[in-house]
Amino acid sequence: MTLKRRPIHAPRVLNEAYDYDRPVPFSRGMRLDWNGASALLISGTASVDENGATVHAGDLRAQIRRTLANITELLAVEGMTWRDVVYTRIYLRDIDRDYDTLREERLLFFEEQGIKTYPASCCVEARLCRADLLVEIETLATVAP
């Protein structure tokens, strides 16, 4: 079995971490291909724009939507959709305050995407890399022949 891997990019919605004022050594995601199957491991993604700036500071619902849109684009550039997502890990700055809003927004988003079988998921409270970020999501998507 030969495993091929390469970084994925979605410059239309997200810049690269190495383009930040203080470069950060990570890829937006990695694509793994083997025996006709593929997996995308998408790094923690937040409400960040194509210039690396936080968008929607202080607005959790808008940050969730932008984060999901960024992930949607990362999936799309690799020919995948949310139907291919099998796992998410979600980080909230304040889980007690924000979990119900996250749940509502995810349910709406999955309904809009026509998804009835939800991915496995974990949600934890964490300090995020920027004080103005309220949510960050890691994603694993797979496709098989």
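# A guided tour of the predicted model

The protein carries 19 positive and 22 negative side chains, and the centres of these two sets lie 4 Å apart. Keep in mind throughout that this is a predicted model.

**Whole chain**

Start with everything selected. There are 2 helices and 6 strands. Their order along the sequence is β-β-β-α-β-α-β-β. Show the C-alpha trace and turn it onto its principal axes: the spans are about 45 × 40 × 25 Å. The radius of gyration is 15 Å, which agrees with the value near 15 Å for a compact globule of 145 residues.

Now switch on the surface. About 8000 Å² is exposed, and carbon and sulfur atoms supply 51% of that area. Of the 145 residues, 44% count as buried. Contacts reach far along the chain: of those between residues at least 6 apart in sequence, 71% join residues at least 24 apart.

**Stop 1: strand β3**

Select residues 37–45, which make up strand β3. How many of its 9 residues are buried? The count is 7, so the strand is largely enclosed by the rest of the structure.

Next, add residues 29–34. This is β2, which runs antiparallel to β3 and is joined to it by 6 bridges. To check the register, pick Gly29: Ile42 of β3 stands opposite.

β2 and β3 form a hairpin with 2 residues between them. Zoom in on Asn35, in the loop between the two strands. Its phi is near 45 degrees, a positive value in a residue other than glycine. Is Asn35 buried or exposed? Asn35 is exposed, with a relative accessible area of 57%.

**Stop 2: strand β6**

Keep β3 on screen and add residues 135–143. That is β6, antiparallel to β3, with 6 bridges joining the pair. Two partnerships are worth labelling. Leu41 has Leu140 of β6 as its bridge partner. Leu40 is bridged to Ala141 in β6.

Then select residues 85–92. Strand β4 is also antiparallel to β6, and 7 bridges join these two strands. Which residue of β6 is the bridge partner of Leu92? The partner is Val135.

With β2, β3, β6 and β4 displayed, follow the pairings in turn. β2 pairs with β3, β3 with β6, and β6 with β4.

**Stop 3: helix α1 and the loop before it**

Go to His56, in the loop between β3 and α1 (60–76). His56 has a positive phi of about 70 degrees although it is not a glycine. At 40% relative accessibility, His56 counts as partly exposed.

From there, move to Gln63 in helix α1. Gln63 is buried, with a relative accessible area of 0%. What surrounds it? Leaving aside neighbours within four places in sequence, Gln63 contacts Ser47, Thr54, Val55, His56, Ala57, Gly58, Asp132, Leu133, Leu134 and Val135. Two names on that list have already come up on this tour. His56 is the loop residue with the positive phi, and Val135 is the β6 partner of Leu92.

For a distance check, draw a line from the C-alpha of Gln63 to that of Pro119. These residues are 56 apart in sequence and 20 Å apart in space.

**Stop 4: helix α2 and the loop after it**

Select residues 95–113 for helix α2, then pick out Glu105 within the helix. Is Glu105 buried or exposed? Glu105 is buried, at 7% relative accessible area. That value falls below the 20% cut-off for burial. Show its contacts beyond four places in sequence: Arg61, Ile64 and Arg65.

Finish at Tyr118, in the loop between α2 and β5 (120–125). At 45% relative accessibility, Tyr118 counts as partly exposed. Setting aside neighbours within four places in sequence, Tyr118 is in contact with Leu107 and Phe110.

One last line to draw runs from Tyr118 to Tyr87. The two are 31 residues apart in sequence, and their C-alpha atoms are 8.7 Å apart.

How values were computed: Residues numbered from 1 in each chain as written. Predicted model: local features only at pLDDT ≥ 70, side-chain atom pairs only at ≥ 80, totals over all residues. Heavy atoms only, no water. Helix = DSSP H or I, 4+ residues; strand = E, 2+ residues; numbered from the N terminus. Rg over C-alpha atoms; globule rule 2.2 N^0.38 Å. Buried < 20%, exposed > 50% of the residue type's maximum accessible area, 1.4 Å probe, protein only. Contact = heavy atoms within 4.5 Å. Areas by Shrake-Rupley, 256 points an atom, 1.4 Å probe, with all protein chains shown as cover. Lys, Arg positive; Asp, Glu negative; His and termini not counted. Charge placed at Lys NZ, Arg CZ, Asp CG, Glu CD. Pairing = 2+ DSSP bridges.
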